[in-house]
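Please examine the charged side chains of the structure shown below. The paragraphs that follow trace how they pair.

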Amino acid sequence: QVQLVESGGGSVQAGGSLRLSCVASGTIFRINDMGWYRQAPGKRRELVAEITSDGSTNYADSVKGRFTISRENAKKMVYLQMKNLSPDDSARYYCRAGVIAGEGSNEFFYWGQGTQVTVSS
């Protein structure tokens with residue numbers, strides 16, 4: 001009963017910027033960690049950035065200093081601001097969220113369908 005929907009993907013030239021958004025909906029009491037992952041063809045899905053409910057962040061070394069993750073809890077949204085993009089950043093980007101449906105219930109993780117990011121040289 002929880003859905004995550006990403007938006008903001010597209011095609012950009014190397015050095016450009018892009019802002020991804022993800023909104024959560026459904027039966028939600030609390031959203032804990034939210035994160036962005038990416039997967040290129042033939043490769044494993046990898047963590048790009050994550051953020052806790054109180055704002056603590058963690059980034060993959062490859063994106064530190066270039067990407068910024070943020071969230072708006074009231075809107076149940078998480079964002080990924082990407083700058084100085086490289087062709088190596090080309091991948092499908094997925095939103096993930098740890099959701100507690102009701103007070104005292106267990107946390108479950110949900111994934112969005114993803115949004116494509118293509119960076120040309």
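In this predicted model, Asp-89 and Arg-38 meet through their side chains in a salt bridge, with an N to O distance of 2.9 Å. The two residues come from distant parts of the chain, 51 residues apart: Asp-89 belongs to the loop between strand 8 (77-82) and strand 9 (91-100), whereas Arg-38 is part of strand 4 (residues 30-39). Asp-89 has a relative accessible area of 2% and is therefore buried, the cut-off being under 20%. Arg-38, at 6%, is buried as well.

Asp-89 also forms a salt bridge with Arg-66, and here the closest N and O atoms lie 2.8 Å apart. Arg-66 sits in the loop between strand 6 (57-59) and strand 7 (67-72), while Asp-89 is in the loop between strand 8 and strand 9, so this pair ties together parts that are 23 residues apart in sequence. With a relative accessibility of 18%, Arg-66 counts as buried.

These contacts belong to a wider arrangement: a network of salt bridges links Arg-38, Glu-46, Arg-66 and Asp-89.

A further salt bridge joins Glu-72 to Lys-75, with 3.8 Å between the closest N and O atoms; the cut-off for such a contact is 4 Å. Glu-72 counts as partly exposed, because its relative accessibility is 33% and partly exposed residues lie between the limits of 20% and 50%. In total, the structure holds 5 salt bridges, among them the pairs Asp-89 with Arg-38, Asp-89 with Arg-66 and Glu-72 with Lys-75.

Key: Residues numbered from 1 in each chain as written. Predicted model: local features only at pLDDT ≥ 70, side-chain atom pairs only at ≥ 80, totals over all residues. Heavy atoms only, no water. Helix = DSSP H or I, 4+ residues; strand = E, 2+ residues; numbered from the N terminus. Buried < 20%, exposed > 50% of the residue type's maximum accessible area, 1.4 Å probe, protein only.
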